[in-house]
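Please walk me through this model, starting with the metal site and then turning to the way the helices pack.

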Amino acid sequence: MARPLIISDCDGVLLHFIAPFIDYLREVHALTLAMDSFALTGNVRRADGSAVAPQEFPPLLDGFFADWMHNQQPIAGAADSLAQLARDCDVVVLTNIADHHATRRTHELARLDMPYRVIGNKGGKGEPLKKLLDEFQPSTAIFIDDLPPNHTSVKAHADHVHRLHMVAEIEVRHLIPAAPDAHARHDDWPAMLSHIETILKG
Ligand SMILES: [Mg+2]
């Protein structure tokens with residue numbers, strides 16, 4: 001019988017990203033990242049204050065996921081909430097991370113008591129989410145992500161999916177406005193879990 005499907009983002013929803021990325025930039029590259037605006041590119045600077053050029057940013061992100069992922073700590077309540085949901089739902093992690101990092105991410109999440117299937121993606125999440133709907137044929141689908149454009153993308157491909165906005169990292173919470181294409185926003189897992197349970201009961 002069809003079960004509900006939970007499709008969750010990883011960075012900023014299940015795992016901390018900003019704090020360990022700042023540590024990585026400082027300790028490995030002697031760079032700083034100040035979250036003065038919600039942008040990574042342009043906010044990474046050298047000791048002399050000069051900004052790292054946009055084309056220098058992707059290798060830094062790649063290096064972080066290759067060498068530093070094990071320092072990403074879980075968001076409070078994420079593992080317990082997903083474990084509770086997984087009793088009655090299928091859970092898939094849809095994360096914008098290169099394919100060659102997705103295997104490591106699968107292991108890292110499992111190590112942190114989140115043993116779920118991980119799909120690496122690039123760009124909009126609407127298309128890969130639609131593929132998951134075709135595969136699982138769920139009774140209900142719920143999408144969780146911290147970035148507003150991902151909600152817009154999912155809305156465009158699968159308008160009936162419940163889209164829930166969560167910005168779990170306090171460092172960027174005030175920089176990210178409520179996603180206009182999400183149905184609701186909850187920035188912590190206890191509140192998110194009770195909202196999801198209400199949807200599932202409906
Ligand atoms: Mg994210």
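**Metal site and helix packing**

Asp 9 and Asp 146 are both buried. The model is a predicted one, and in it these two residues serve as donors to the magnesium ion, each through OD. Asp 11 completes the list of protein donors, in its case through O. The donor atoms lie 2.0 to 2.3 Å from the ion. Along the sequence, the donor residues follow the spacing D-x1-D-x134-D. Asp 9 sits in the loop between strand 1 (5-8) and helix 1, while Asp 146 sits in the loop between strand 6 (141-145) and helix 6 (148-157), so the pair ties together parts that are 137 residues apart in sequence.

Helix 1, which follows the loop that holds Asp 9, spans residues 18-29. Its axis comes within 10 Å of the axis of helix 2 (residues 57-67), and the two cross at roughly 105°. Because angles of 65 to 115 degrees count as roughly perpendicular, helix 1 is described as roughly perpendicular to helix 2.

Which residues in the two helices meet? Helix 1 contributes Pro 20, Phe 21, Tyr 24, Leu 25 and His 29. Helix 2 contributes Phe 57, Leu 60, Leu 61, Gly 63 and Phe 64. By class, this contact has 8 nonpolar and 2 polar residues, with no charged ones.

Some of these residues also belong to an aromatic cluster. Phe 21 and Tyr 24 are in it, as are Phe 57 and Phe 64. Phe 17, Phe 65 and Trp 68 are the other members of this cluster. With ring centres within 6.5 Å taken as the criterion for a pair, the count comes to 9 aromatic pairs.

Key: Residues numbered from 1 in each chain as written. Predicted model: local features only at pLDDT ≥ 70, side-chain atom pairs only at ≥ 80, totals over all residues. Heavy atoms only, no water. Axes fitted to C-alpha atoms, helices over the stretch in contact; angles between N-to-C directions. Helix = DSSP H or I, 4+ residues; strand = E, 2+ residues; numbered from the N terminus. Parallel < 35°, antiparallel > 145°, perpendicular 65-115°, else oblique. Contact = heavy atoms within 4.5 Å. Nonpolar A, V, L, I, M, F, W, Y, C, P; charged D, E, K, R; others polar. Phe/Tyr/Trp six-rings, centres within 6.5 Å; stacked < 30°, edge-to-face > 60°. Donors = N, O, S within 2.8 Å, 3.2 Å for Na, K, Ca; no water. Buried < 20%, exposed > 50% of the residue type's maximum accessible area, 1.4 Å probe, protein only.
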